[in-house]
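Work through the exercises below with the sequence and the 3D view open. Try each task before you read its solution.

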Amino acid sequence: DIDAILAEDQFVTCTSQFDFDHLGKFLDSDLTTDHVPEKTKLVLPMWAISKWLTLSYVKITSLPRSYSSRFLNNLEADPSHVNLRKKSPYFFLAGRWLVSLIRKQQQRGSNLEAATELQNILLKLYTGSRFRQVLDWSMATSGEEDHEHDEDNHLTTLETKLFRAGSSSMAASLKYRYYSRLQYSRPPKRQRLE
């Protein structure tokens, strides 16, 4: 799935847990040597640090801005009017990936509060008023290829898929109703008796 691949490309700030040799220029283009000292701040995509978190080579020090506690608190207050696409078009997919990364890091001794809190907020956002709003929009479409709500209403890719599925479901329902009425409203053909 291309969306999952693109969601994993979100950058996370982490620190190295020991010295890295021969990786300096690959991990950070600002470094002039191939040596990365312990506790060096690195900004890497989520897909790159997944295995390293499992092996305790790096530690996540801060979440991306779109998942900071301040932003999430504002988002919880009024989720339906926030432009999540502007923050990250893959907000829910990247958030789910980020929860799994935090859990990998926290398996090494600390509690799972941060991952559980983020997971609960994402679930509440996806199943709350934003979910109802997307379903309302998809059911209100005429059944044609009407996707004006995708861009105008700041839907993430996951919400856009939900909107399109709801819209096509509504179109199929309308088509079924229309053709079933036609079929039953016609009088049956009479056969001639010979």
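The exercises that follow concern a predicted model.

**Exercise 1. Salt bridges**

Task: Find how many salt bridges the model has, and state which residues form them.

Solution.

Step 1. The cut-off is a side-chain nitrogen of Lys or Arg within 4 Å of a carboxyl oxygen of Asp or Glu. By this rule, the count is three salt bridges.

Step 2. One of them joins Lys161 and Asp3, with 2.9 Å between the closest N and O atoms. Lys161 belongs to helix H10 (residues 157-185) and Asp3 to helix H1, and the two are 158 residues apart, so the pair links distant parts of the chain.

Step 3. Another joins Lys124 and Glu76, where the closest N and O atoms are 3.5 Å apart. Lys124 lies in helix H7 and Glu76 in helix H4, so this pair ties together parts that are 48 residues apart in sequence.

Step 4. Arg130 and Glu159 also meet through their side chains, at 2.7 Å from N to O. Here Arg130 sits in helix H8 (residues 129-140) and Glu159 in helix H10, 29 residues apart.

**Exercise 2. Buried or exposed?**

Task: For each residue in the three salt bridges, decide whether it is buried, partly exposed or exposed.

Solution.

Step 1. Recall the cut-offs: buried is under 20% relative accessible area, exposed is over 50%, and partly exposed is in between.

Step 2. Take Lys161 and Asp3. Lys161 has a relative accessible area of 41%, so it is partly exposed. Asp3 is at 11%, so it counts as buried.

Step 3. Take Lys124 and Glu76. Lys124 counts as exposed because its relative accessibility is 51%. Glu76 is partly exposed because its value is 30%.

Step 4. Take Arg130 and Glu159. Arg130 is at 3% and therefore buried. Glu159 is at 2% and therefore buried.

**Exercise 3. Helix H1**

Task: Describe the surroundings of Asp3, and then find the nonpolar surface patch that includes Leu6.

Solution.

Step 1. Asp3 lies in helix H1, which covers residues 2-7.

Step 2. Leave out residues up to four places away in sequence. Asp3 then touches Tyr90, Leu93, Thr157 and Lys161. Lys161 is also the salt-bridge partner of Asp3.

Step 3. Leu6 is in helix H1 as well. Its relative accessible area is 39%, so Leu6 is partly exposed.

Step 4. Leu6 forms a nonpolar surface patch with Ile2 and Ile5, and together they have about 290 Å² of accessible area.

**Exercise 4. The largest pocket**

Task: State how much space lies in the largest pocket, which residues line it, and which helices each supply at least two of them.

Solution.

Step 1. The largest pocket holds about 240 Å³ of space.

Step 2. Its lining consists of Phe92, Leu93, Arg96, Val99, Gln119, Leu122, Leu123, Tyr126 and Leu158.

Step 3. Compare these numbers with the helix ranges. Helix H6 (91-106) and helix H7 (113-127) each supply at least two lining residues.

Step 4. One lining residue, Leu93, is also among the contacts of Asp3.

**Exercise 5. A loop residue and a helix residue**

Task: Place Pro64 and Ala114 in the model, then list what each one touches.

Solution.

Step 1. Pro64 is in the loop between strand E3 (58-62) and helix H4 (69-77). With a relative accessible area of 9%, Pro64 is buried.

Step 2. Pro64 and Phe11 are 53 residues apart along the chain, and their C-alpha atoms are separated by 6.9 Å. Not counting residues up to four places away, Pro64 touches Gln10, Phe11, Val12 and Leu98.

Step 3. Ala114 lies in helix H7. Its relative accessible area is 39%, so Ala114 is partly exposed.

Step 4. Ala114 and Arg103 are 11 residues apart in sequence and 8.6 Å apart from C-alpha to C-alpha. Setting aside neighbours within four places in sequence, Ala114 is in contact with Ile102 and Gln106.

**Exercise 6. Helix H3**

Task: Name the buried residues of helix H3, and find which residue just after H3 has a positive phi.

Solution.

Step 1. Helix H3 covers residues 46-54, and its buried residues are Met46, Ile49, Ser50, Trp52 and Leu53.

Step 2. An α-helix has 3.6 residues a turn, so residues three or four places apart point the same way.

Step 3. Just after H3, Ser56 has a positive phi of about 60°.

Conventions: Residues numbered from 1 in each chain as written. Predicted model: local features only at pLDDT ≥ 70, side-chain atom pairs only at ≥ 80, totals over all residues. Heavy atoms only, no water. Buried < 20%, exposed > 50% of the residue type's maximum accessible area, 1.4 Å probe, protein only. Helix = DSSP H or I, 4+ residues; strand = E, 2+ residues; numbered from the N terminus. Contact = heavy atoms within 4.5 Å. Patch = residues over 30% accessible without salt bridge, like charges linked within 9 Å, V, L, I, M, F, W, Y side chains within 5 Å. Areas by Shrake-Rupley, 256 points an atom, 1.4 Å probe, with all protein chains shown as cover. 1 Å grid on protein atoms, 1.4 Å probe; cavity = no way out; pocket = protein on both sides within 12 Å on 5 of 7 lines; lining within 4 Å. Points joined across faces, edges and corners; volume = space filled by probe spheres on them.
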